[in-house]
Amino acid sequence: MIGVLLRRDLGLLLPGGRGGGGVLPLLFFLAVAMLYPFAVGPDAQLLARTGGGVIWVAALLAAILPLEKLVAGDMEAGVFDQLHLRGVSEELAMAVRLLAHWLAFAPLLLLATLPAAALLGLSGETTRAVLLGLLAGTPGLAAVGLAVAALTATLRGGAALAGLMVIPLAVPILIFGAGALSTTGEGGIALAAAISLGLCAAAPFVAAAAIRSAREG
C-alpha cells in the first residue's frame, strides 16, 4: 500500500505529472539566481558574500509554490475519505505525501544549486556548505509546507494563507542553514537537520488531524 500511495503522489507532484506545475519551483529558483546579479550589479565580492543567502531564500520561496496542490485537491475529491474507508490511516497517507513532496522538489533544487552557484560566483567551499545545508533543511521545509497545506486546505484563499504561514515557521531552518555559511564549522547545518527531523516527525500527525477535523466538520 505504501508503494502504491508513493507512486500516485509522485505522479501528482513530479514535473510533468498530472497535477501540473511541478517544474515551477525549479524555474523560480533559477530565475532568482539569474536576476539577482542584475539587481545588485557586477560586484563579484558582493555576489560571493551574499549569494549563498540568496540561494537559501530562493529555495524557501520555491518550496511554497507546490503547496496549493499538496492536500486541497485530494480533499475536495474525497481521496482521503476513500483511503480511510480502506483502512489507510491519515497519518500514513500524510507521511507518504511528505516523502513524495520532498522527492518532487528537493533533488531538483539541489541539482539547480550548482548552476545557481556558478551564476553567483560562489566558491567551491561555499557551494558545498549551501548544498549540505539544503540537504539538511529541505525535509523541514517540506514538512512545514505539508502541515500548513493541510491546515488551510478548506479555507478560502488557502494557498495564499499557506504561503504566508510557511515563511515565519521556516525561519529557524533558514537561520541555521544559511548561518552555516558565515562560520567555519557545521554546527548550523546539524541544527537545521535536527529541526528538520523534528518537523518531519510531527508534520504527518498535524496534517492528519487537520484532515480528520475537516471531515468531521
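Let me start with the contacts of T113, which, leaving aside its neighbours within four places in sequence, is in contact with F29, I55, V130, L131 and L134. I should say at once that this is a predicted model, and everything that follows should be heard with that in mind. T113 is found in helix 6, and because its relative accessible area is 0%, under the 20% that marks the limit for burial, T113 counts as buried. Its side chain also turns to the backbone of its own helix, where it reaches the backbone oxygen of L109 at 2.9 Å.

One of those partners, F29, takes us to helix 2, which covers residues 24-40. How do helix 2 and helix 6 lie with respect to one another? Two packed helices are described by the angle between their axes and the distance between the axes. Here the axes of helix 2 and helix 6 come within 9 Å and cross at roughly 10°, which makes helix 2 roughly parallel to helix 6, since an angle under 35 degrees is counted that way. If you would like to follow the interface on the structure, P25, L26, F29, L30, A33, M34, Y36 and P37 on the helix 2 side meet L108, L109, A112, T113, P115, A116, L119 and L120 on the helix 6 side.

Staying with helix 2 for a moment, its 17 residues reach 24 Å from the first C-alpha to the last, and this is close to the 24 Å expected at 1.5 Å a residue. Its buried residues are P25, F29, A33, Y36 and P37, and what they pack against is helix 3 as well as helix 6. Just after helix 2 comes G41, a residue whose phi is positive, near 100°.

That brings me to helix 3, residues 44-64. At its N-terminal end there is a cap provided by D43, with a side-chain oxygen that lies 3.1 Å from the backbone nitrogen of Q45. Does the length of helix 3 agree with or depart from what its 21 residues should span? The length agrees, because at 1.5 Å a residue those 21 residues should span 30 Å, and the end C-alpha atoms are 30 Å apart. Helix 3 nevertheless has a kink of about 45°, centred on T50. Among the buried residues of helix 3 are L47, G51, G52, V54 and I55, and I55 is one that we have already met as a contact of T113.

R49, which is also in helix 3, gives a contrast: its relative accessibility is 61%, over the 50% limit, and therefore R49 counts as exposed. In space, R49 and L120 are 9.4 Å apart, C-alpha to C-alpha, although 71 residues separate them in sequence.

Beyond helix 3, in the loop that leads to helix 4, we find L65. At 44% relative accessibility, L65 counts as partly exposed, and, not counting residues up to four places away in sequence, it touches L24, P25 and F28. The C-alpha atoms of L65 and M34, by comparison, are separated by 19 Å, with these positions 31 residues apart along the chain.

Let me return to helix 6, which runs over residues 90-120, and to E90 within it. Is E90 buried or exposed? Its relative accessibility is 5%, so E90 counts as buried. A polar contact of 3.3 Å joins its side chain to that of H84, and, apart from residues up to four places away in sequence, E90 touches H84, A208, I211, R212 and R215.

Several of those partners, including A208 and I211, are among the buried residues of helix 9, so let me close with that helix. Helix 9 covers residues 187-216, and its 30 residues reach 44 Å from the first C-alpha to the last, close to the 44 Å expected at 1.5 Å a residue. There is a bend in helix 9 of about 30° at A202, and a proline, P204, follows within four residues. P204 is itself buried, as are A203 and A207, to name others in helix 9. L191, also placed in helix 9, counts as partly exposed because its relative accessibility is 43%. Finally, L191 and G133 are 58 residues apart in sequence and 9.8 Å apart in space, C-alpha to C-alpha.

Note on methods:
Residues are numbered from 1 along each chain as its sequence is written. This is a predicted model: local features need pLDDT of at least 70, side-chain atom pairs count only at pLDDT 80 or more; totals for chains, interfaces and linings use all residues. Side-chain values use heavy atoms; hydrogens and water are left out. Helices (H or I, at least four residues) and strands (E, at least two) are DSSP runs, numbered from the N terminus. Buried means under 20% relative accessible area, exposed over 50%, partly exposed in between (1.4 Å probe, protein chains only). A polar contact is a pair of N or O atoms within 3.5 Å; within protein, one must be able to donate a hydrogen and the other to accept it, and residues adjacent in sequence count only if both atoms are side-chain atoms. Contact means heavy atoms within 4.5 Å. The expected span of a helix is 1.5 Å times one less than its number of residues. The bend at a residue is the angle between axes fitted to the seven residues ending there and the seven starting there. Axes are lines fitted to C-alpha atoms, for helices over the stretch in contact, and angles run from 0 to 180 degrees between N-to-C directions. Angles under 35 degrees count as roughly parallel, over 145 as roughly antiparallel, 65 to 115 as roughly perpendicular and the rest as oblique.
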